[in-house]
Amino acid sequence: MTYACFLVLFLLLPLALVSLMLRRRLLNWRYWLTTAQLLLVVLPTMALWDHAAVVLGVWGWTPQQTWGVRLWLIPLEEYLFALLETVLLTMLMYALLLWTREGAHALGRKRT
Amino acid sequence: MNHYLYLELLLAWVLILALQWLVGWKKLWRQRRRWPWIVLGASIYFSLADALALSQHIWFFHPAFLIGWSVGNVPVEELLFFVLTAAMVVQGFVLIFPSETEGGDGQPVRDKEKADQVHIQGEQGASSQERLSDRGPISWAESAEERRAR
């Protein structure tokens, strides 16, 4: 299995599922702005940290299972992993928020 | 060889988490019934995915830099990595995402009636899709169920 296949299977697929679940609720600029702000912190921090770990020899990737494109010593797929992981986590948190709000709505209707 | 090197590297994320709690502990504590579930679920999910990636040799670790404890084929440092990064992102989201029912001082609207009014107003005159799409910020106020449980 390549790193790209891993990304499709474990990140893009669940992201697609959560997106389908949320549909128009994702048309929320506040959600995307928050996610973008987080990505601005996560991506450079991850790159610095990951690069340091590779230089120190803590971990590495099998070259045949990556695209071969590297920024610093990190494969492009690793950046995509950080990006997609962040979006998936924020989307799940956003879905949980909506779900709890809907719960409040439903209970409000029962009460009245 | 330093068997604690990966653990030491994880301290960078611990520092960020500490900073988040230092800045927004009130908001994080208030939301303690929500975000930990996402962190827990995501950590388990990514650890399982990691087990597959390691078995497929997509990435690998130098054993000399690990303490040697693992769950299956996943080193404990890697499990910690997923917990810490998931917590960092989710807590960051909780801290940044704007909330309508919070005042300028960041305090939530505790008034039950006011919080309900916000919900009801959002509901009026909108189809379910429109209501659920964000026409206004999402409320961080506790759900009626949570309020009733207290």
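A residue is taken as buried here if 20 or more other C-beta atoms lie within 10 Å of its own. B:Phe46 has 25 other C-beta atoms within 10 Å and is therefore buried. The model in which this is found is a predicted one, and B:Phe46 belongs to helix H2 of chain B. From B:Phe46 to B:Trp13 the separation is 33 residues in sequence and 17 Å in space, C-alpha to C-alpha.

**Chain B as a whole**

Chain B contains six helices and three strands, and read from the N terminus its elements follow the order α-α-β-β-β-α-α-α-α. Of its 150 residues, 27% count as buried. When contacts in chain B between residues at least 6 apart in sequence are considered, 73% of them join residues at least 24 apart.

**Helix H3 of chain B and its partner H1**

Helix H3 of chain B covers residues 76-96, and 30 Å is both the span expected for its 21 residues at 1.5 Å a residue and the separation of its end C-alpha atoms, so the two agree. This helix is mostly covered, with 15 of its 21 residues buried.

How is the pairing of two packed helices described? The angle between their axes and the distance between the axes are used. For helix H1 (residues 5-30) of chain B and H3(B), the axes come within 9 Å and cross at roughly 25°, and the two helices are therefore roughly parallel to each other. The crossing in which H1(B) passes H3(B) is left-handed. Residues making this contact include B:Tyr6, B:Leu10, B:Trp13 and B:Leu17 of H1(B), and B:Leu80, B:Phe81, B:Leu84 and B:Met88 of H3(B).

**The nonpolar cores**

The largest nonpolar core has 30 residues, and those touching the most other members are A:Leu89, A:Met93, B:Ile38, B:Val39, B:Ala86, B:Val89 and B:Val90. At least two residues of this core come from each of helix H2 (29-56) and helix H3 (76-111) of chain A, and from each of helix H2 (35-55) and H3 of chain B. Leaving aside neighbours within four places in sequence, B:Val90 is in contact with A:Leu89 and A:Met93 of chain A, and with B:Trp35, B:Ile38 and B:Val39 of chain B. Apart from this core lies another, of seven residues, among them A:Tyr3, A:Trp61, B:Ala53 and B:Ile58.

**Helix H2 of chain A**

For the 28 residues of H2(A), the span expected at 1.5 Å a residue is 40 Å, and the end C-alpha atoms are 40 Å apart, which agrees. Its buried residues are A:Tyr31, A:Thr34, A:Thr35, A:Leu38, A:Val42, A:Met46, A:Asp50 and A:Ala53. As background to such a list, an α-helix has 3.6 residues a turn, so residues three or four places apart point the same way.

**Residues with positive phi**

Most residues other than glycine have a negative phi. The table gives three residues with a positive value.

| Residue | Phi | Place |
|---|---|---|
| A:Gly57 | near 85° | follows H2(A) |
| A:Trp72 | near 60° | loop between strand E2 (70-71) and strand E3 (74-75) of chain A |
| B:His57 | about 60° | loop between H2 and strand E1 (59-61) of chain B |

Are the two residues other than glycine, A:Trp72 and B:His57, exposed or partly exposed? A:Trp72 has 13 C-beta neighbours inside 10 Å and so counts as partly exposed, while B:His57, with 12 other C-beta atoms within 10 Å, is exposed. The cut-off that decides this is that a residue is exposed if 12 or fewer other C-beta atoms lie within 10 Å.

Conventions:
Residues numbered from 1 in each chain as written. Chains lettered and ligands numbered in written order. Predicted model: local features only at pLDDT ≥ 70, side-chain atom pairs only at ≥ 80, totals over all residues. Helix = DSSP H or I, 4+ residues; strand = E, 2+ residues; numbered from the N terminus. Expected span 1.5 Å × (residues − 1). Core = buried A, V, L, I, M, F, W, Y, C linked by C-beta atoms within 7 Å. Contact = placed C-beta atoms within 7 Å. Axes fitted to C-alpha atoms, helices over the stretch in contact; angles between N-to-C directions. Parallel < 35°, antiparallel > 145°, perpendicular 65-115°, else oblique. Left-handed = near helix turned anticlockwise from the far one by under 90°.
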